[in-house]
Amino acid sequence: MTGRVPPPRGFGPHACLAFTLLILAAGKVTSRRPEPYYGRLIGRLTQYAHGIRGTVYAVDENTVYVRGFAYDGTGPDAYFWVGDTPQPSPEGILVPYPEDYVTRDPPILMSHSNSDILLKLPGGKRLRDIKWLSVWCRRFTVNFGDVFIPPGLDPPRPRVLPEFKRLAHGLRSGNISVLDAKTFYIPNLHYDGAGPDAYFWVGNGSDPSPYGTKVPNEMGSLHPLRGYQGEDIEIQLPGKLTAYDIDWLAVWCVEYRHNFGHVFIPKDLDVPPALGQTKITTSSTTSQSPFGATNNCKEILDKRLQVRWEIQGDQVQITLSARLRKEQYMSFGISGAEGRPAMLGADVVVAYWDTKSNKPRVSDYTITHLAQCDGEHGVCPDEKLGGSNDVVIVSGSQKSGITTITFRRPLAAKDSLKDKEILTTRSQSVIAAFGPLNSKYEANAHSFMDTTRNDVQLDFGAQNDKSCIGLAETAAEGPAVWAPRVVSGAAHLSARIGPAAGARGYTPLTGHPSWGIAWYINDQLIPEIYVERGRTYTFIVEGGDDRTNPAKFHPFYISDSSEGGFGQKKEEDQRKQRVFAGVAYDNEGYPYPTAVGRYCEWTHKTTDQSATSETFEEYMKTLQLECNDGEPAVLNWTVAHETPDLVYYQCYTHNNLGWKIHVVEPGTSVPIAAGEKFARTNTASAHTLPHTLAPLAPLALLLLHLGRR
């Protein structure tokens, strides 16, 4: 990252930037959908007893609407009932009514004379999963009245639109959805709130115009819009307006007649009617056994992780159980690709035990890049990317060395850019992993052995898929850590990226979690560097210059932070760091990294051999240096006399890639790495010099060569 783009400052007649949600029209218009509209007609209830009548409509694939329902209420044990048998039978399933009764039996049906009733199908079922709807008496197994679902019925569905067009005031969003004829869902909404008279605005025509209608905000208010920072909101069209009446939804500045951004409404819209089916409902929670109340269970990751699941209405409840080490997470979710385990594009939940509060925690993650989260890209919590945490903790326990955490998440993809739908009609590919947590309790990299390597299919709609036997025992402790490295007496140093070397390298040496890569200084893995006050040191930095690829963009800087990652920190957290080199500020006062050069990385010739390499020198023989075209960056640092005794070399965009710099007075005796042949002026292997130095500019080449002598 090169720093933040400063927001617009001030607001005038030509600066009233338009945050435009395009959707509707003003004035007299003819609706594209005849009203009233109740959904796709299924048919009339056939009366067999007790005065049953009513007309049934398909509102969406999970919901039916019974208009003009009548029933005398004298049946002793009558309920709405659905099933997939040829005729209504005791093998059906009870449909909760009122809808709030979703985890226990609702009251028996009372009398109705002309009621309009909305029914949500239970257990994640869809209309294509059933053949009939009945009013059924369980005690006497009698059918009072029924209607059959026509074969091939195609119910209305929510429509996903593009995101807002980005015109002004930082307006942006995820893909907007028309949930029903009056309701719009706007995920990850950003707007700086600086418009003096801005509103959600709908109307007709080829572009947003002053001839529109104000739409209340998510709180039902018609006050000018506040700022939004990545929030997910729903708004509803006012009065009798529907999505069929409008051509666009926009954010519009009324005073200055300025469009901040908009989205168009397609002419072929076929969305559910607005009958209240989109309201958010909460399910009461049943008591949980230590492993969750469900008959579905699957063991993955070589039997080290047990996954239990149960469909509860439009939610799925999942229980994860594993033998976790301290400060370790377990993660589980939908693969980024069907038919194979894919991290990129995956939608996972990270679960762990918070040792500070002694409570279980869960967080919704999106994987946009195979790199540590830098605040904008990588393996990031949805909330960090402007989304929402759509998982809810239910319970957790730690017993006999096993951590068990139960959570719920929606079946539907609430945020189409960050979430994936959980299917109940067929199996789908899932992934799982273990890994360390960083200081913010966020997920860091997992090893190859701690993630799913083969395609794992799970059928969330299964009723009794139980294959669990028992969790595998925790693996034995890993190999011994290598001795710490030391670089001292060198005024010219190279800084490149390389592997963190697993259980022998970064994490055991520093005590910090690692993403799997680290700085190599003079081709030594995170050595402790010794420098003298008043002396100038030159770093030849090859950490990458491609800002679009976060996995290979690691600007070098020096700070008093043991964690680093200055560029991804909030302004108040940046002020807590003292920076000594590698960061400058533009005319607007925004920071940017200065040590940005070509990318060079020590990579494995085959697979990671750190566990079998007794010494770091042996390990280096298993690596090869790969460099992109271009020039390295040159960072000169004169160590001021007031510099603290301990500072750190770090990565500007990511946490935990570097380590210590000891600042001493001139002439101070400094330690060397005992027993290592790379001592005070640690040099690179001779065979690497021609390859790594050939592209350097003559001056940089001379400086680096002198520093390695």
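Is Q574 buried or exposed? I shall open with that residue and then turn to the chain as a whole, a sheet within it, and two further positions. Please bear in mind throughout that this is a predicted model.

Q574 belongs to helix α2, which covers residues 571–574. Its relative accessibility is 7%, and because buried means under 20%, Q574 counts as buried. The side chain of Q574 also has a polar partner: one of its polar atoms lies 3.4 Å from the backbone oxygen of K569.

Let me now step back to the chain. It has 709 residues, and 54% of them count as buried. Its secondary structure consists of 5 helices and 44 strands. Among contacts with a separation of 6 or more, 69% are between residues 24 or more positions apart. The accessible surface amounts to about 30700 Å², and carbon and sulfur atoms contribute 52% of that.

I come next to the sheet. Five strands form an open sheet, with antiparallel pairing, in the order β2-β9-β8-β5-β6. The edges are β2, residues 46–47, and β6, residues 93–94, each of which pairs on one side only. At the β2 edge, the partner is strand β9, residues 142–148, and the two pair in the antiparallel sense over 2 bridges. Within this pairing, Q47 stands opposite G145 in β9.

Strand β8 of this sheet, residues 132–137, contains L133. What is the relative accessibility of L133? The value is 5%, so L133 counts as buried. Not counting residues up to four places away in sequence, L133 touches a set of residues that includes L45, V56, V64, V66, F80 and W81. The same list includes G145, the residue opposite Q47. As for F80, it is 53 residues from L133 in sequence, yet the two C-alpha atoms are 7.1 Å apart in space.

My last position is A58, in strand β3, which spans residues 53–60. A58 has a relative accessible area of 0% and is therefore buried. Which residues are in contact with A58, once neighbours within four places in sequence are left aside? They are Y38, G39, R40, I42, T63, L127, L153, P155 and P156. R40 is 18 residues away from A58 in sequence, and their C-alpha atoms are 4.9 Å apart.

To close, I return to the opening question: Q574, in helix α2, is buried at 7% relative accessibility. L133 in β8 is buried at 5%, and A58 in β3 is buried at 0%. Thank you.

How values were computed: Residues are numbered from 1 along each chain as its sequence is written. This is a predicted model: local features need pLDDT of at least 70, side-chain atom pairs count only at pLDDT 80 or more; totals for chains, interfaces and linings use all residues. Side-chain values use heavy atoms; hydrogens and water are left out. Helices (H or I, at least four residues) and strands (E, at least two) are DSSP runs, numbered from the N terminus. Buried means under 20% relative accessible area, exposed over 50%, partly exposed in between (1.4 Å probe, protein chains only). A polar contact is a pair of N or O atoms within 3.5 Å; within protein, one must be able to donate a hydrogen and the other to accept it, and residues adjacent in sequence count only if both atoms are side-chain atoms. Two strands pair if DSSP finds at least two bridges between them. Contact means heavy atoms within 4.5 Å. Accessible areas come from the Shrake-Rupley method with a 1.4 Å probe; for residues, only the protein chains shown count as cover.
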